[in-house]
Amino acid sequence: MEGAGGLHAVPEHSQMIDTSDALQHETGVSSDGQAVAAAITATPASSGRRGPSGSTSEVDMAVRVVTRCRPLTESEQLQGFTPCVSFLPDMKSIKLGTNRRFTFDAAYGPDTAQANIFEDWVLPMVDGYFTGYNTTVFAYGQTGAGKTFSMEGDTESPGIVPRVLQALFDRIESSQGHSLNQDTFVRVSYIEIYNEEVKDLLHPSTQPKNIAIRETAHGQILMAGVREE
């Protein structure tokens, strides 16, 4: 999908989480230069995840939608744009203009650190991954909303993807230290879905027509024809 970034991890013998209803909330879009991006996450139902308030919900849903508003760019400020998004005290709702309200599972303002997003919403998914769950982080929003920064970040402020990779290898190293009989294999595929075509970014010469999304008899989703390294 154009303008979207995602990270998907699938352990063997994993329990599938249905994300077919992931787009539960409309992403707020500002007409005054301030963009709002929503991250869609699938978490294990028993993760006991704590949100920004520090409390665990009684019924932990499999799909969570979190919105993050980026600050105005220098160019937008020079053009005289002003913030049109305000954040309500419940830390879950934003208001566009004077009367358009959007409610999510959490709402983060432009001053939110990358680490806060990761620790509140993504790190618990890494924990769930090691207990056999599929986990997905999906960044959705208009062009310029800040999806790439949230997912990839930069050297000084890494985003979700590098933080997840670091957490995965830290957990693997820790688990191997406690078990001498455990071997861990990490396999990675890297794909792009653009204009309804799937491209293998690890093996660009693979034709999209040779790549197919398939479901196994055990309910696992596989990318046939994609290289894993």
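Helix H2, made up of residues 114-129, contains 16 residues and spans 21 Å from its first C-alpha to its last, close to the 22 Å expected at 1.5 Å a residue. The expected span here is 1.5 Å times one less than the number of residues in the helix, and helices (H or I, at least four residues) and strands (E, at least two) are DSSP runs numbered from the N terminus. The structure is a predicted model, in which local features need pLDDT of at least 70 and side-chain atom pairs count only at pLDDT 80 or more, while totals for chains, interfaces and linings use all residues. Residues are numbered from 1 along each chain as its sequence is written, and side-chain values use heavy atoms, with hydrogens and water left out.

Helix H2 is a good place to start reading the model. At valine 122 the helix bends by about 45°, the bend being the angle between axes fitted to the seven residues ending at a residue and the seven starting there. A proline, proline 124, follows within four residues of valine 122. The buried residues of H2 include Phe118, Trp121, Val122, Pro124 and Met125; buried means under 20% relative accessible area, exposed over 50%, and partly exposed in between, with a 1.4 Å probe and protein chains only. As a reminder, an α-helix has 3.6 residues a turn, so residues three or four places apart point the same way.

Valine 126 offers a closer look at helix H2, where it lies. Valine 126 counts as buried because its relative accessible area is 5%. Beyond residues up to four places away in sequence, valine 126 touches Val164, Ala167 and Leu168, where contact means heavy atoms within 4.5 Å. The C-alpha atoms of valine 126 and threonine 136, which are 10 residues apart along the chain, are separated by 9.9 Å.

Charged side chains come next. Side chains of opposite charge can pair when their charged atoms come close. A salt bridge is defined as a side-chain nitrogen of Lys or Arg within 4 Å of a carboxyl oxygen of Asp or Glu, and by this rule the count comes to six. One of them joins the side chains of arginine 171 and aspartate 127, with an N to O distance of 2.3 Å. This pair links distant parts of the chain, as arginine 171 is in helix H4 and aspartate 127 in helix H2, 44 residues apart. Arginine 171 is partly exposed at 30% relative accessibility, and aspartate 127 is partly exposed at 32%.

Another salt bridge connects arginine 70 and glutamate 76, at 2.8 Å from N to O. Here arginine 70 is buried, with 17% relative accessibility, and glutamate 76 is buried too, at 11%. Glutamate 228 and arginine 187 also form a salt bridge, their closest N and O atoms being 3.6 Å apart. Glutamate 228 sits in the segment after strand E12 (221-224) and arginine 187 in the loop between H4 and E9, so to speak distant parts of the chain, 41 residues apart. Glutamate 228 is partly exposed at 47% relative accessibility, whereas arginine 187 is exposed at 55%.Glutamine 176 completes the picture of helix H4, in which it lies. Glutamine 176 is partly exposed, with a relative accessible area of 34%, and touches Gln182 and Thr184, not counting residues up to four places away in sequence.
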